[in-house]
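Colleague: I've got a model open and I'd like to learn how to read it. Can we go through it together?

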Amino acid sequence: MIAIVDCNSFYASCERVFRPDLDGKPIVVLSNNDGCVIARSAEAKKYQIPMAAPAFKFEHIFKHYGINVFSSNYALYGDLSNRVMNILSDMSPETEVYSIDEAFLNLDGIPDGDLRDHCLKMKKRVRQWVGIPISTGVAPTKTLAKVANKIAKKYPQLNGVHIIDSEDLRIKALKFLPVGDLWGIGRRHKERLIKLGVKNAYQFTLLPEEWVKKNMTVVGLRLLKELKGQRMHDFELVAPKKKAIAITRSFPKTTFDIETLQENISIYASVCGEKLRKQGSDANVMQVFLRTSRFKDPAEQRAVQLTVDLEYPTNSSMELASYAQRMMDRLYKDGYGYGKAGVITMGLTPTANRQATMFSESNPKHVVAMEAMDRYNRKDAAGAIRLASNGTGKRWRMRQEKLSPRYTTRIDDCITVKAS
DNA sequence: TCTGGGGTCCTAGGACCC
DNA sequence: TCTGGGGTCCTAGGACCC
């Protein structure tokens with residue numbers, strides 16, 4: 001059997017770990033620049049705050065109901081996620097970390113009769129040791145486990161664990177689940193299926209395979225088979241290397257000014273370099289884009305992008321930033337208020353197999369410089385050493401007005417907490 | 001004033017090859 | 001009247017996920 005474990009309202013729950021006074025109180029967590037709602041505690045969901053709601057439009061609701069609002073604190077969430085994953089992998093033969101708040105577990109070797117007890121034990125341990133509540137769905141395939149997980153969440157009397165281990169339970173579960181809630185059915189497919197009269201997951205499994213293949217590609221077909229109990233998705237025990245690495249940002253306010261854009265794009269490219277070095281990859285292609293805010297006057301919109309093949313594979317922040325700035329020069333046009341920009345590195349190849357080309361190669365001195373920079377910055381001084389082209393970094397901070405302390409990863413923050 | 005970020009996979013169609 | 005056949009590779013766009 002396969003389990004999918006996920007953390008309930010993960011970001012909101014993380015904020016609560018160090019704020020026990022917020023137990024039972026509504027919490028929302030906002031995206032970068034405090035833009036949108038990206039997590040809601042169970043209590044907050046009751047106030048009809050939709051996912052991705054723009055924060056400024058819901059300000060009065062937050063105030064009126066006393067909802068606790070947080071800026072996102074990825075240092076905290078990432079660290080708590082690691083702790084949860086460690087416990088889960090201790091308690092199962094194989095683990096696939098699927099996202100920051102979810103993992104698939106292979107429960108082979110645990111007798112069928114003990115599955116429920118085992119899952120309850122995991123739940124208790126994660127709650128006790130990290131303070132995060134989880135839900136677990138168990139079934140013969142990943143997709144059915146996802147279905148079981150939805151049911152575990154829906155019915156409190158299940159105590160956060162549901163197991164689909166018979167044909168009866170499989171059908172019952174599928175009949176309960178709206179087709180749009182299936183893993184792999186998004187907005188588009190949902191609309192089309194509803195039009196056809198397919199409302200729940202069970203009805204979906206009755207569709208002919210040819211129709212599904214034709215209209216939803218092999219992805220849809222795999223979904224169909226998984227729901228019938230046939231395994232189409234294996235475990236991925238080691239996380240595959242990323243095929244693209246991107247840094248893109250909306251600005252806290254629009255800018256008309258090339259210097260600001262250059263500074264930002266240089267930072268994005270440097271951070272791409274950092275991430276490339278971390279996974280041992282070089283980039284061969286870089287894409288830079290620049291656009292106005294899509295919420296502004298349609299007549300004053302501008303969106304441009306440029307993709308270039310790099311002369312040679314590199315992960316040097318200096319080289320990447322230099323490319324990005326030259327590309328930005330070409331993209332920039334006076335007179336527009338820009339709201340977002342980004343750098344995407346692609347065509348990634350392993351640094352270990354870097355080929356010397358006939359005419360040019362990445363400057364070998366950069367390797368040493370980047371190593372030194374990374375080593376220093378890792379020692380609890382992120383961003384302490386950076387490129388001059390990154391600027392002073394003060395002008396363009398994200399808006400993060402409700403940021404909680406990095407309780408588990410920053411000494412300074414902890415001292416602040418104690419003092420206050 | 002203020003609306004997130006980072007990925008993956010699949011397919012159709014164009015360009016090209018012999 | 002009538003203009004081949006069989007491939008590969010790349011890219012943009014769509015759909016989806018968290």
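Modeller: Sure, and let's begin with one term: a polar contact is a pair of N or O atoms within 3.5 Å. Here is a case: a polar side-chain atom of K296 lies 3.3 Å from a phosphate oxygen of DNA strand B. Keep in mind that this is a predicted model.

Colleague: Which other contacts to DNA strand B should I look at, say for S31 and S250?

Modeller: S31 uses its side chain: an N or O atom there is 2.8 Å from a sugar or linking oxygen of DNA strand B. With S250, look at the backbone instead, where an N or O atom sits 2.7 Å from a phosphate oxygen of the strand.

Colleague: What share of the DNA strand B atoms within 4 Å of the protein belongs to sugar or phosphate?

Modeller: That share is 75%, and the rest belong to bases.

Colleague: And which residues come nearest to DNA strand B?

Modeller: There are 23 residues around the strand, and S31, K243, A246, T248 and S250 come nearest. By type, the residues of that surface split into 10 nonpolar, 6 polar and 7 charged.

Colleague: Which element gives the most to that surface?

Modeller: β9 does, with 6 residues. Both β9 (245–255) and α10 (209–227) supply at least two residues each.

Colleague: Let's turn to salt bridges. How many does a search of the whole structure find?

Modeller: It finds 10. The general idea is that side chains of opposite charge can pair when their charged atoms come close. Take E96 and K142, whose side chains meet at 2.7 Å, N to O. E96 belongs to strand β5 (residues 94–99) and K142 to helix α6 (residues 142–154), so this salt bridge ties together parts that are 46 residues apart in sequence.

Colleague: Are E96 and K142 buried or exposed?

Modeller: For this you need a cut-off: buried means under 20% relative accessible area. E96 has 8%, so E96 is buried. K142 has 4% and counts as buried too.

Colleague: How far apart in helix α7 are R170 and E167?

Modeller: They are 3 residues apart in α7 (residues 167–176), which means a separation of about one helical turn. Their side chains meet in a salt bridge at 2.9 Å, N to O. R170 is buried at 12% relative accessible area, whereas E167 is partly exposed at 47%.

Colleague: What about D282 and R354?

Modeller: Those two side chains also form a salt bridge, 2.7 Å from N to O. This pair links distant parts of the chain, 72 residues apart: D282 is in strand β10 (residues 281–292), and R354 is in the loop between β13 (349–350) and α13 (364–378). D282 is buried, with 0% relative accessibility, while R354 is partly exposed at 29%.

Colleague: Back to β5: which way do β5 and β6 run, parallel or antiparallel?

Modeller: They run antiparallel, and 5 bridges join β5 to β6 (residues 102–106). The two strands form a hairpin with 2 residues between them. To see the pairing, find V97, which stands opposite A103 in β6. A general tip for looking along a strand: in a regular one, the side chains alternate between the two faces of the sheet.

Colleague: Finally, how is chain A divided into domains?

Modeller: The domain assignment gives domain 1 (3–76), domain 2 (91–227) and domain 3 (245–386). Taken over C-alpha atoms, the centres of domain 2 and domain 3 are 39 Å apart.

Key: Residues numbered from 1 in each chain as written. Chains lettered and ligands numbered in written order. Predicted model: local features only at pLDDT ≥ 70, side-chain atom pairs only at ≥ 80, totals over all residues. Heavy atoms only, no water. Salt bridge = Lys/Arg side-chain N within 4 Å of Asp/Glu carboxyl O. Helix = DSSP H or I, 4+ residues; strand = E, 2+ residues; numbered from the N terminus. Buried < 20%, exposed > 50% of the residue type's maximum accessible area, 1.4 Å probe, protein only. Domains from an automatic or database assignment. Near = heavy atom within 4 Å. Polar contact = N/O pair within 3.5 Å; in protein donor to acceptor, adjacent residues only side chain to side chain. Nonpolar A, V, L, I, M, F, W, Y, C, P; charged D, E, K, R; others polar. Pairing = 2+ DSSP bridges.
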